[in-house]
There are 2 protein chains.
Amino acid sequence: MKPVQKELLVVALGGNAFLRHGEKRTFENQNKRIRNASRHLVDLIEEGYRLVITHGNGPQIGDTLLRHEAGEKMFKIPALPMDVCVAETQGAIGYMIQQALRSELKRRRLNKVVVSILTRVIIDKRDEELKNPTKPIGLFYSAGELRKIKQRHPRYAFAYDRARGGWRRIVVSPNPKRIGIAEQSAIKLLVDSGCIAIACGGGGIPVVEEKGWRAIGIEAVVDKDLAGERLATLIEADRLVILTDVDAAYVDFGKSSQKKLHKISASDAREYMSEGQFSAGSMEPKILAGIRFVENRGKSAVICELSKVTEALHGRSGTTILPSL
Amino acid sequence: MKPVQKELLVVALGGNAFLRHGEKRTFENQNKRIRNASRHLVDLIEEGYRLVITHGNGPQIGDTLLRHEAGEKMFKIPALPMDVCVAETQGAIGYMIQQALRSELKRRRLNKVVVSILTRVIIDKRDEELKNPTKPIGLFYSAGELRKIKQRHPRYAFAYDRARGGWRRIVVSPNPKRIGIAEQSAIKLLVDSGCIAIACGGGGIPVVEEKGWRAIGIEAVVDKDLAGERLATLIEADRLVILTDVDAAYVDFGKSSQKKLHKISASDAREYMSEGQFSAGSMEPKILAGIRFVENRGKSAVICELSKVTEALHGRSGTTILPSL
């Protein structure tokens, strides 16, 4: 009984797919969660959906940057720049997902190939945000520590955090509305050939292009949901599915008028967003990714809990964003 | 003028493609070398060769393990196991090669897609070497330090180094004669579709399979040239090309009878090898990889300098191993 080839989904896994808040970031803990996520993803594959999986790297990139810093301090190993650190997290997380997913497929005797593609996102050099690093990452430093780090890494930018009383490294957080996915055609090729691809992890490795040919990594972090929208749009996925740890998006959250959003149009979602209904850096980018996806001809975007993903795709859970009439 | 589709080559880049001995392992130094290597590789592509590129990770995995150790000591971030660390190096190095290669292709107006595939090598569980870790990695520890590390990582194995008077972590170094390449079909697919693939970096991410379905990473290091042979054989490459920093293999090296090997048969190469003509851990695995490749129906294996690779493929430089008559 071969399942019918159904829709192509881009599924974005949030940090909670790897770790619960406060849980120790050991390999064993992360692997247990990833194996759990894989079971839900393979349920989708058994239903006949074709998948491209993308994932966040929030906790992992934080750890990676600290490891590079610690290696430099303890062993004088030069810390590598942000783009290479993102590539490292794509390696580590991509491997863990690919291994868990392929194992679960084999257990169910499904002969699907799973492949992780290192993915670069090409950011428009004219992007205004590139001039203005704002996103703080990593540790707090004293003025003395700052001087030393600046000597070793003259290109890093820093900002003073008044509340915490320390300096912190800052990177740009470009608006990925116009970004390209450098490896888009390879991802499409693999998917069209029946592979399951893992791509664009951690929002992608951020690069700009010079002279029309030379790509150069930059110190930037791209939101993984917004990058996931670009990926889904560019490979012409049918649906964008954003998995998270809340069951749906809400308006008037925590008030007596609180309402769960089941199905909404992109224009209604935009209106709620402009009212500030969604938490910045958490639900808001998910909603925005969903809006952009359907405005770019996607059929629908679904935001739901990992364990409810099959139900959500059948419209029985989560929040679905639909094109405006 | 479109070049004719020529042979499929698996090209193995050694550590010297990224760094000269003693050079500081900064991003800038590594990137400069990789850009240089890319120019030679794109020369091959311009000649019409199809390429799969593999690479070592010797210095990088060393740095990665130390960063994980430093992160654990300074910031209590759990160190991740060997397989995940190899995946991190595949991410970082794969990205750097892919970026340099794609940029050089674009500069020459060649529209080829370059894609890095995270690659796992499946090691036979019955492999005798798996019972016996012998390859030392990372730092030397005192007995006191050892106790602490063993508490944190009960699965690590250690050996006492008499000469240096300290304990050192040891991992297995499986003979990859029988290993499989888990992502082999995806690599083949990409290459057959005209992509340039980067795969099996650092000898591949080492895993074993349990119950016929569950893959589990192990604490192992696979020689990158021997893993490159498996890759080349399994994707049915025409030639295996191993790039290094010496111009060719020699017999009686350093003696008055010294002789450069230009073209040799696999059986002659085996004989020289049994005489101990090649340095263990350096030229010997390259020769062995070449022998195995042609014994597994490969047309020829070439060992040469990076800058002479085009000439070597035309038989004017390096050492070529041919099938025995």
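# Notebook: chain A, its salt bridges and one sheet

**Entry 1, overall make-up.** I began with chain A and counted 9 helices and 17 strands. The radius of gyration of chain A is 20 Å, close to the 20 Å from the globule rule for 325 residues, so I noted chain A as being as compact as a globular protein of that length. I kept in mind that this is a predicted model.

**Entry 2, extent and surface.** I looked up the span of the C-alpha trace of chain A along its principal axes and wrote down about 65 × 45 × 45 Å. Chain A exposes about 14,000 Å². Carbon and sulfur atoms supply 48% of that area. Of the 325 residues in chain A, 58% are buried.

**Entry 3, contacts along the chain.** I then took the contacts in chain A with a separation of 6 or more. Residues 24 or more positions apart account for 74% of them.

**Entry 4, salt bridges in general.** How many salt bridges does the structure hold over all chains? I found 48. I picked out a few of them for a further look.

**Entry 5, A:R25 and A:D63.** The side chains of A:R25 and A:D63 form a salt bridge, with N and O at 2.6 Å. I checked where the partners sit. A:R25 is in the loop between β1 (8–13) and α1 (27–46) of chain A, while A:D63 belongs to helix α2 (residues 58–75) of chain A. The two are 38 residues apart, and the pair links distant parts of the chain. Is A:D63 buried or exposed? It has a relative accessible area of 5%, so I entered A:D63 as buried. A:R25 has 29%, which makes it partly exposed.

**Entry 6, A:R107 and A:E104.** I went on to a salt bridge within one helix. A:R107 pairs with A:E104, and their closest N and O atoms are 3.0 Å apart. Both residues lie in helix α3 (residues 82–107) of chain A. They are 3 residues apart, which is about one turn of the helix. A:E104 is buried, with a relative accessible area of 5%. A:R107 comes out at 41% and is partly exposed.

**Entry 7, a network.** Which residues are linked with A:E104 and A:R107 in a network of salt bridges? I listed A:D43, A:E46 and A:R108.

**Entry 8, a pair in chain B.** I also looked at chain B. The side chains of B:D124 and B:R126 meet in a salt bridge, with an N to O distance of 2.8 Å. B:D124 has a relative accessibility of 16% and counts as buried, because buried means under 20%. B:R126 has 67% and counts as exposed, because exposed means over 50%.

**Entry 9, a sheet in chain A.** I turned to an open sheet of 3 strands in chain A. What is the order of its strands? I read it as β5-β7-β6, with antiparallel pairing. The edge strands are β5 (135–141) and β6 (157–161), each of which pairs on one side only. Neighbouring strands of this sheet are turned by 35° against each other on average, direction ignored.

**Entry 10, β6 and β7.** I followed one pairing in that sheet. Strand β6 of chain A is joined by 5 bridges to strand β7 (residues 166–171) of chain A, and the two run antiparallel. Which residue of β7 stands opposite A:A159? I found A:R168 there.

How values were computed
Residues numbered from 1 in each chain as written. Chains lettered and ligands numbered in written order. Predicted model: local features only at pLDDT ≥ 70, side-chain atom pairs only at ≥ 80, totals over all residues. Heavy atoms only, no water. Helix = DSSP H or I, 4+ residues; strand = E, 2+ residues; numbered from the N terminus. Buried < 20%, exposed > 50% of the residue type's maximum accessible area, 1.4 Å probe, protein only. Pairing = 2+ DSSP bridges. Axes fitted to C-alpha atoms, helices over the stretch in contact; angles between N-to-C directions. Rg over C-alpha atoms; globule rule 2.2 N^0.38 Å. Contact = heavy atoms within 4.5 Å. Areas by Shrake-Rupley, 256 points an atom, 1.4 Å probe, with all protein chains shown as cover.
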